[in-house]
Amino acid sequence: MKKTIIAAVAAGVLAGCGGGGGSSSTTTGPGSSASQAPAVALIAAPGVVGAGTFVPTGDTVTDTLAYINNMRAQVGLPPLASQPGVAQAATNHSLWEQDNNTVGHYETSGQPGYTGYSPLDRVNLYDSTDSVGEVTAGFSGPFASSTEAIEALFDAPFHRTVMLFDSVYAGVGVANAATTSQLSTLTVDFASYKPFIADPQLVAWPYNSMTGVDTSWFANESPNPMAASPAYEDTVVGYPVTLSGGDNAAFSNVKFAITDATGAPVACQETDSSNNAEATREAMCVPFSPLKTSMTYKVNVTGSLSNTSLGATPFSVSWSFTTAAAANTPIGAPTTSATRAFRQVQPRQILLN
């Protein structure tokens with residue numbers, strides 16, 4: 001029985017693709033000051049302390065928002081509130097995708113289920129806002145679990161920042177497949193902007209002292225962070241390391257230095273907003289090879305950060321994280337698992353765009 005996955009994610013339509021809505025303030029967010037500009041530093045993150053334990057209920061809608069909020073809590077960000085109108089817009093779009101057997105962010109007028117061309121158009125039918133982001137995924141047949149889709153989307157480095165941004169509301173929409181030949185689709189829309197990440201603050205993922213980090217990721221995102229090294233596209237690579245900022249954050253001259261516990265360097269593909277317009281508010285390093293298990297990695301990132309109140313400010317931030325004891329099989333990667341082989345007779349495919 002064939003089972004393929006098609007997924008699409010976008011950096012969101014936040015006053016332009018991947019951009020921010022509203023304006024940030026130097027007096028909001030922890031550690032900010034109106035009288036002086038603090039040095040650029042990582043946002044204080046409680047990690048698993050204070051974030052609680054995420055326990056799936058089996059319901060995709062409930063678990064998707066709970067998963068996102070659990071990830072946010074681990075880096076010190078406030079939870080997103082569920083908003084019925086935003087959820088209706090997301091549900092309408094998921095149904096449109098299922099009805100038209102396609103996955104994407106822009107609907108075509110006249111097609112079955114059409115409600116609006118863009119995420120911004122659709123959300124504004126129910127909730128007036130000028131700040132909207134969206135992630136969406138479609139899997140042929142039923143989802144393997146209630147969190148399969150949102151985990152795949154969060155792992156994609158270009159789109160992780162949508163979930164770690166200063167949005168206020170989120171709405172989850174699901175269209176469940178009745179047969180293996182039909183798409184199951186998940187859409188999450190994010191609406192409204194309220195600053196929390198201060199201008200001199202950065203969010204790291206994996207965060208400082210994080211444990212149990214995945215060792216690998218399947219590099220099939222579009223835009224693909226491995227595009228400059230095309231031999232690594234659609235292959236299993238190391239788990240992406242990302243830095244992201246608040247509203248209007250832009251990175252330049254970024255250099256990642258990742259080393260394992262022996263001091264050996266980790267080669268990776270670097271991307272930031274100075275060399276890729278899609279890397280809005282983000283800098284990333286995707287290792288060319290899977291990381292080692294049970295290994296503590298040190299990360300040092302240098303570069304320059306600009307945003308609403310900072311002009312080309314040099315920074316240097318360092319942190320560490322530890323990988324899980326067992327290697328993971330990334331969602332979408334070829335697998336020889338007996339269970340997965342029964343569900344599919346070809347490698348699962350995810351198209352992220």
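**Figure 1. Helix 4 is mostly covered in this predicted model.** Helix 4 spans residues 148-155. Seven of its eight residues are buried. At the start of the helix, the buried residues include E148, A149 and I150. A152, L153, F154 and D155 are buried as well.

**Figure 2. Four strands form an open sheet.** The strand order is 8-16-15-12. The pairing in this sheet is mixed. Strand 8 (210-213) and strand 12 (250-259) stand at the edges. Each has a single partner strand, so one side of each is left without a neighbour in the sheet. From one strand to the next, the twist averages 30 degrees. In general, strands of a sheet pair through backbone hydrogen bonds, either parallel or antiparallel.

**Figure 3. Strand 12 pairs with strand 15 in the antiparallel sense.** Strand 15 covers residues 296-306. Eight bridges join strand 12 and strand 15. One residue pair can be picked out here: F256 has V301 of strand 15 as its bridge partner.

**Figure 4. W319 is a buried residue of strand 16.** Strand 16 runs over residues 313-323. The relative accessible area of W319 is 4%, so W319 counts as buried, the cut-off being under 20%. Which residues does W319 touch, leaving aside those up to four places away in sequence? Among them are L42, A204, P206, Y207 and N208. V241 and L243 also touch W319. So do Y297, K298, V299 and V301. V301 is also the bridge partner of F256. W319 and A204 are 115 residues apart in sequence. In space, their C-alpha atoms are 8.6 Å apart.

**Figure 5. A cis peptide bond links W205 to P206.** Omega of this bond is near -5 degrees. Most peptide bonds are trans. P206 is found in the loop between strand 7 (201-205) and strand 8. The backbone oxygen of P206 lies 2.8 Å from a polar atom of the W319 side chain. P206 is also among the residues that W319 touches.

**Figure 6. D189 is buried yet has no salt bridge.** D189 is found in strand 6, residues 183-193. How far away is the nearest side chain of opposite charge? That side chain belongs to R122, and it is 5.4 Å from D189. A salt bridge needs a distance within 4 Å, so R122 does not make one with D189. A polar atom of the D189 side chain does lie 3.4 Å from the backbone nitrogen of A90. Not counting residues up to four places away in sequence, D189 touches V86, A89 and A90, among others. Its contacts also include V123, G133 and E134. Y169, A170 and G171 are on the list too.

**Figure 7. D234 and R281 each have a positive phi.** Most residues other than glycine have a negative phi. Phi of D234 is near 60 degrees. Phi of R281 is near 60 degrees. D234 is found in the loop between strand 9 (216-218) and strand 10 (236-238). R281 lies in the loop between strand 13 (268-272) and strand 14 (282-287). Buried or partly exposed: what is the state of each residue? D234 is partly exposed, with a relative accessible area of 48%. R281 is buried, with a relative accessible area of 2%.

Conventions
Residues numbered from 1 in each chain as written. Predicted model: local features only at pLDDT ≥ 70, side-chain atom pairs only at ≥ 80, totals over all residues. Heavy atoms only, no water. Pairing = 2+ DSSP bridges. Helix = DSSP H or I, 4+ residues; strand = E, 2+ residues; numbered from the N terminus. Axes fitted to C-alpha atoms, helices over the stretch in contact; angles between N-to-C directions. Buried < 20%, exposed > 50% of the residue type's maximum accessible area, 1.4 Å probe, protein only. Lys, Arg positive; Asp, Glu negative; His and termini not counted. Polar contact = N/O pair within 3.5 Å; in protein donor to acceptor, adjacent residues only side chain to side chain. Contact = heavy atoms within 4.5 Å.
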